[in-house]
Amino acid sequence: MRPASVESVNAVLPSALRSFDPRQVPVVGIDAALPAVAPARFDARALRARFATPPAWVPELRREPRLTDRVPAQAAVLVPIVMREEPTVLLTERTTHLSTHSGQVAFPGGRVDPEDANIAAAALREAWEEVGLSAEYIEVLGCLPTYTTVTSFIVTPVVALVRPDFELNINPYEVAAAFEVPLAHLMNPANHRRHALVGEDLKSREWFSMPYQDGPHERYVWGATAGMLRNLYRFLSA
């Protein structure tokens with residue numbers, strides 16, 4: 001396994017804002033009035049059918065405010081739905097020693113390399129490099145619309161089913177932990193918090209967070225990762 005890139009495409013902040021703590025930004029709304037996705041839609045057959053014949057729908061989030069002058073780059077992330085009795089989504093937490101975006105929750109993913117055959121191949125490669133998730137356990141369903149981050153990555157989320165008998169081999173330099181969050185939790189808008197930020201040094205921004213209490217750990221899903229999950233919610237609920 002070769003070393004994974006240390007630059008996270010899931011991260012929501014450029015290096016100039018490293019000290020920013022999203023947990024301190026007020027919650028301005030919770031979308032509890034929206035319906036949760038019905039559990040029947042989490043079945044493997046239902047998910048395959050949804051991607052094979054997509055409904056008419058509109059992604060809610062496509063682009064974050066641009067906070068860097070870097071040249072835009074294509075990237076891919078894997079949205080791994082683990083097909084347990086109650087399906088989950090596999091996510092990672094970045095190591096705290098990294099100079100940018102340390103400790104943030106992210107999908108496995110990264111920049112598309114010239115050697116990658118396609119977007120899905122890039123997502124599968126990154127999942128292998130970051131957490132040792134082998135492609136033999138993965139069934140790619142399809143892609144969601146691109147999501148452009150503040151760091152100018154044009155990210156394609158590649159949604160896939162994952163057999164639950166996999167074993168991970170985490171890259172310890174980049175990934176502090178890999179964990180799973182119930183898909184039902186992430187697809188329930190009662191758990192989608194809206195945040196707003198206005199400040200002299202920052203452009204006004206709004207974003208979602210989807211915190212999940214995993215035993216003693218709070219898994220704080222927010223920013224680009226939460227935005228792509230919100231689009232998945234819109235896709236599955238359409």
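The chain folds into 4 helices and 13 strands, where helices (H or I, at least four residues) and strands (E, at least two) are DSSP runs numbered from the N terminus. This is a predicted model: local features need pLDDT of at least 70, side-chain atom pairs count only at pLDDT 80 or more, and totals for chains, interfaces and linings use all residues. Residues are numbered from 1 along each chain as its sequence is written, and side-chain values use heavy atoms, with hydrogens and water left out.

**Exercise 1. Confidence**

Task: Establish which stretches have pLDDT under 50 or below 50.

Solution. Start with the scale: pLDDT is the predictor's confidence in each residue, from 0 to 100. The chain mean is 88, and 85% of the residues reach 70 or more. Next, look for dips. Residues 11–17 stay under 50, and the model gives them 25 contacts beyond four places in sequence; contact means heavy atoms within 4.5 Å. Residues 97–102 are also below 50, with 17 contacts beyond near neighbours in sequence. Where pLDDT is low, the predicted coordinates should not be read in detail.

**Exercise 2. Burial and the cores**

Task: Find the largest nonpolar core and the elements that give two or more residues to it.

Solution. Fix the terms. Buried means under 20% relative accessible area, exposed over 50%, and partly exposed in between (1.4 Å probe, protein chains only). A nonpolar core is a set of buried Ala, Val, Leu, Ile, Met, Phe, Trp, Tyr and Cys residues joined through side-chain atoms within 4.5 Å.

Now the totals. Of the 238 residues in the chain, 51% are buried. The largest core holds 38 residues; L91, F107, V159, M187, L229, L232 and L236 have the most contacts inside it. Two or more residues each come from α1 (44–52), β2 (73–82), β3 (88–94), β8 (153–162), β9 (175–182), α3 (183–186) and α4 (223–237). The top contributor is α4, with 8 residues.

Take V159 as a sample. Beyond four places in sequence, V159 touches F51, V79, I81, V140, L141, G142, L144 and L232. Another core lies apart, with 17 residues, among them L78, A120, Y137 and V175.

**Exercise 3. Two helices**

Task: Check the spans of α4 and α2, then their burial.

Solution. The expected span is 1.5 Å times one less than the number of residues. For α4, 15 residues should give 21 Å, and the end C-alpha atoms are 21 Å apart, which agrees. For α2 (residues 119–131), 13 residues should give 18 Å; the ends are 18 Å apart, again in agreement.

Then burial. In α4, 13 of 15 residues are buried. In α2, the buried residues are A120, A122, A123, R125, E126, A127, E129, E130 and V131. The buried residues of α2 pack against β2, β3, β5 (109–111), β6 (138–143), β8 and β9.

**Exercise 4. Aromatic rings**

Task: Classify the ring pairs that F235 makes with F51 and W57.

Solution. Rings of Phe, Tyr and Trp (its six-membered ring) pair if their centres lie within 6.5 Å; planes under 30 degrees apart count as stacked, over 60 as edge-to-face, the rest as tilted. The count is 3 aromatic pairs.

First pair: F51 and F235 have centres 4.7 Å apart and planes at 50 degrees, so the pair is tilted. F51 sits in helix α1 and F235 in helix α4, 184 residues apart. F51 is buried at 12% relative accessibility, and F235 at 3%.

Second pair: W57 and F235 have centres 5.3 Å apart and planes at 65 degrees, so the pair is edge-to-face. W57 lies in the loop between α1 and β2, so this pair ties the loop to helix α4 across 178 residues of sequence. W57 is partly exposed, at 22%.

Put together, F51, W57 and F235 form one aromatic cluster.

**Exercise 5. Around β9**

Task: Trace the long-range links of A177, and place the charged end of R219.

Solution. A177 lies in strand β9. Beyond four places in sequence, its contacts are L91, T92, E93, I170 and R219. A177 and L91 are 86 residues apart in sequence, with C-alpha atoms 8.5 Å apart.

The charged end of R219 sits over the ring of F179, 4.2 Å from its centre. The test requires NZ of Lys or CZ of Arg within 6 Å of the ring centre and within 35 degrees of the ring normal.
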